[in-house]
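Let's walk through this complex together, starting with a pair of strands and then moving out to the chains and their contacts. Keep the viewer open as you read.

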Amino acid sequence: MKKEKRVFSSIFMALMVVFLYAPIIYTIIFSFNSSKSLTHFESFSLRWYEKMFNDATMIQAVIYTIVIAILATIISTIVGTITAIGLSKSRKLVRNLVEQVNNLPIMNPEIVTAIGLLMFYSAAHITKGFLTLLLAHIMFCIPYVILSIMPKLRTLDPNLADAAMDLGATPWKALTKVIVPQIMPGIVSGALIAFTMSFDDFVISYFVTGNGVNNISILVYTMSKRINPSINALSTLIIVIITVFLTITNLIPVIAERRMRKKLKKAQKK
Amino acid sequence: MKQFRKMTYPYVAWISVMIIVPMILILLYAITTEGNGVVNFNFTIDNFVRFFSDSIFLEVLGRSLRVALITTVLCIVLGYIPAYYIAKCSDGIKMKWVLIITFPTWINMLVRTYAWIGILQNDGIINTILGWVGIGPVDMIYTEFAVILGMVYNFIPFMILQIYTSLSKMDNSLIEAAQDLGANRFQCFWRITFPLSLPGVISGITLVFLPAVSSFCIPKLLGGGQYVLVGNVIESQFLTSGDWNFGSAISLIMAIIIMISMYITKKVDKTEIGERASA
Amino acid sequence: MKGFAKKAAALLLALVMVMGLAACSKESGSTGDGANAGAESSDKKEFDSKTLKIFLPGAYMEDSLVPAFEKEYGVKVIVENFDSNEMMYTKLSAGDSYDVLIPSDYMIERLMKEDALQPIDKSVITNLSNLADQTKNLVYDPDNTYSVPYFWGNVGLVYNKNNVPKEEIEAKGYDILKDTKYKGHIYMYDSERDGFMIAFKQLGYSCNTDNEAEINAAYEWLVELNKTMDPVYVTDEVIDAMANGQKDIAIVYSGDAAYVLSENPNMGYCAPNCGTNKWFDAMVIPKNAENPKLANEFINYMLRNDVCEKNTMEVGYTSANKAVLDKMIAEDGEYADNEAYYPRTYDKDEVFRDNESLRKKLSELWIKVKAAK
């Protein structure tokens, strides 16, 4: 019975992976298409990669996107975590109110948030560019972080921090050594969602940016209109960057461990 | 723990500026007439009347809510199993699975949706494979099926993440205790695991349902335009007809409906938790 | 997991710093280059600043043209793209400043009405004489005071010659979209402007009519089409789809149709006898431009024969330059046998005019057309 269940869930996971990755593999395949078509594969070619690497705005957009996404993720994760912990200790009225307002950017169609921010920036005479883009991204990322952390906090024993402080921990220690480790899964998924949202945003970014600061989504929306497979090449490049990055971060602990083992073995031999 | 309350102050200040002020501007548009550049103060409720007096808009709204609901339910059903599976994995593998699930969302949504167009096309991959086994081309693209598939595809990683979060670090002793007391697997799941994961499910619903109601890109590309949802209406008010007043009004109407439905969901959550606590 | 998180965070931070530095150095580098190049040719012209900001539809200019201009004039050009005229208008009306815009005819008319444009400097734009006669002195800007045409064309039907007889489509015009023989095989263009234009033209009205009865008749026409023909509403996906022969009939802009025809020899193009829309995208200089002198130079540059030739060869839209146009359609020209490239001159073809209340009305009706089941 147990074995059967494991087989079932393994098959399900395999199907899920196929489902999630089918369009990505499709994109990668068509980035090597020699013709302009996005639906008919003619023959293998690297022309879209050539076009992409010759296009300075594309490479620049990749850099802007990654920098903005990482900065927005770090800032919104920190602010979101702090706020969520504070909220869990606040009065119910305050908590409900902030949670409702917090939901607004998630709930509103992006275009509404975008127009709101656009009007706000132009009313305040703020010149649009990198900074306005970053601020907007932080603005719509924090709600996702808070939303991910709140359920973890709700299941947390409310007396945990008190107990730690009774035992002589400073509030800071109680926070970092007791509460944060407990809600870590929530923080991680919040950060991941924030990263996704920032990485993939078009509508809001489009209206709050200026001065030639583009992200990938803006390029994709304004350029792919009239079929442009270099967008596929660009996506493949991003897949490669992220894969390399993830492999490195995953390999470092493994390599470090092996080295340790070798050292130990040597020490033992001696 | 009152000293921690202060930690919300910076964010409250921040949202007042970055969320509430722009929302007030939108509200002003919704209740005034004409004029995009400068907000003028001719108050009116015409924009709301216009929406409710036309059966087509109500139909569109109903359809959007229905599609969002189907998407959300499918995301919960299909997302729970992977979330449960990942939560049961050992710590090292967990993180890898989480990354495998989130990774696809880092590729531009439009690019992925274009890929689905190619896959679902009448001469696309799926229909080619179906052709080999002798099943004629099935019309998939530009149907409700395609729209919901696209939505589920786009939102399911968020649902999985949220449910996984609430399932991980769950106290296993509770389940063991229940098993010791003679509960079968199904009872264990239904009476203990599921209620404990409910907060995660609720935030998952928030993360899927809210954006699904207002999404406009997926229905436009996969539904072939004739599948109009409220997000498309709002988008066209802002971007093609330039009627910001009406667009703002529709988005407010939608926001209020969603807030009410979220309130009901929260109520359900609370009663469940209450039951658990009293049990 | 904690260790992993820490290491990942450290790596991320390092990555951000490296990338941030790269971005900064790149920026300063390129402006540096610009300044150097400027020093070399500074005797040529003096500009208010060394930066030119242009705002145009995506993938609407050949890639090498801007870098060549930057080099020649020793300036830096910032290119931003838009997705629709209305998006451009929204950004512009929020106070964003650009030096050159390339919107469509009706949008130019609107910007002129709102006094948002400044006249071009004809003493600088000496290449104005390069323009083809069909693109000069258009109805919305009779003396080319504000606008200089860039690309132009019309709207028509792309059809699969194997499945749809040429005689039939020529005889029926837009009515072929309602022939149930082709049910499920047509693409409509998802824009209220073009959608209603088709109905207006087929019914024999002007595409700028604001007569209530005529609008209603057109609305009924479109609703019936939607109900009986099961059309798919697309925008630019239509280009790839028709190049691959996904469906039999589609509404396409002539410039895109020229590409479809060159990719797929089975496809034909037909601008119906009932008349159609003729459109012009043109370069204009907004009032709040920071560098109008350079903007005029840029427009003049874009009219040069060699520049126009490169541009039309790559983008596939019809050039507004007479010499280039003649070369393209000459017997050995790039578009010699392409029926879509060269727009006809026909008195029933009309240019869209700006009419805000009509636009709002049509946009609302268009949603209803598509939502009607």
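Two strands count as paired if DSSP finds at least two bridges between them. With that in mind, turn to chain C of this predicted model. Strand E5, residues 147–160, and strand E9 run antiparallel there, and four bridges join them. One of the residues to look for is C:Tyr159, whose bridge partner in E9(C) is C:Gly268. Strand E9 itself spans residues 267–270 of chain C, and both of its faces are covered. On one side sit C:Met267 and C:Tyr269, on the other C:Gly268 and C:Cys270, and all of these are buried.

How far should you trust what you see in this chain? The mean pLDDT of chain C is 87, and 87% of its residues reach 70 or more. Over residues 24–43, though, the pLDDT is below 50, and this stretch has 17 contacts in the model beyond near neighbours in sequence. For the complex, the predictor gives an ipTM of 0.87 and a pTM of 0.88.

Now step back to the domains of chain C. The assignment gives domain 1 as 40–152 + 280–329 and domain 2 as 153–278 + 345–371. Taken over C-alpha atoms, the centres of domain 1 and domain 2 of chain C are separated by 29 Å. Their contact takes 15 residues from domain 1 of chain C and 10 residues from domain 2 of chain C. On the domain 1 side, helix H4 (105–113) and E5 of chain C each supply at least two residues. The largest share of that side, five residues, comes from H4(C). By class, the domain 1 side that touches domain 2 of chain C divides into eight nonpolar, three polar and four charged residues.

Next, follow chain C to where it meets chain B. This contact takes 21 residues from chain C and 20 residues from chain B. On the side of chain C, the elements that give two or more residues are helix H3 (85–93), strand E7 (232–234) and helix H13 (356–371). Which of them gives the largest share to the side of chain C that touches chain B? That is H13(C), with eight residues. The residues of this side of chain C divide into eight nonpolar, four polar and nine charged.

H13(C) deserves a closer look. Its 16 residues should span 22 Å at 1.5 Å a residue, and because its end C-alpha atoms are 23 Å apart, the expected and modelled lengths agree. Among the buried residues of H13(C) are C:Leu362, C:Leu365, C:Trp366 and C:Val369, and charged names such as C:Arg359, C:Glu364 and C:Lys370 are also on the buried list. What covers the buried residues of H13(C) comes from two chains: it includes helix H3 (55–88) and helix H11 (230–239) of chain B, together with helix H6 (192–202), helix H7 (212–229) and E7 of chain C.

That brings us to chain B. Chain B has 12 helices and zero strands. Its C-alpha atoms fill a box of roughly 70 × 70 × 35 Å along the principal axes. Of the 279 residues in chain B, 47% are buried. If you consider contacts in chain B between residues at least 6 apart in sequence, 70% of these join residues at least 24 apart.

Chain B also meets chain A, where 71 residues of chain A are in contact with 70 residues of chain B. Helix H1 (residues 2–31) of chain A gives the most to the chain A side, with 13 residues. That side of chain A has 47 nonpolar, 19 polar and five charged residues.

Finally, two stops within chain A. Helix H6 (residues 130–154) of chain A has 25 residues that should span 36 Å at 1.5 Å a residue, and its end C-alpha atoms are 37 Å apart, which agrees. Is H6(A) enclosed or open? Of its 25 residues, 21 are buried, so H6(A) is largely enclosed by the rest of the structure. The other stop is A:Glu99, which lies in helix H4 (residues 92–107) of chain A. Because A:Glu99 has 18 other C-beta atoms within 10 Å, under the 20 needed to be buried, it is partly exposed. The C-alpha atoms of A:Glu99 and A:Ile146 are separated by 8.5 Å, although the two are 47 residues apart along the chain.

Key
Residues are numbered from 1 along each chain as its sequence is written. Chains are lettered from A and ligands numbered from 1 in the order in which they are written. This is a predicted model: local features need pLDDT of at least 70, side-chain atom pairs count only at pLDDT 80 or more; totals for chains, interfaces and linings use all residues. A residue is buried if 20 or more other C-beta atoms lie within 10 Å of its own, exposed if 12 or fewer, and partly exposed in between; C-beta atoms are placed from the backbone. Two residues are in contact if their C-beta atoms, placed from the backbone, lie within 7 Å. Ala, Val, Leu, Ile, Met, Phe, Trp, Tyr, Cys and Pro count as nonpolar, Asp, Glu, Lys and Arg as charged, and the others, Gly among them, as polar. The expected span of a helix is 1.5 Å times one less than its number of residues. pLDDT is the predictor's confidence in each residue, from 0 to 100. Domain bounds come from an automatic or database domain assignment.
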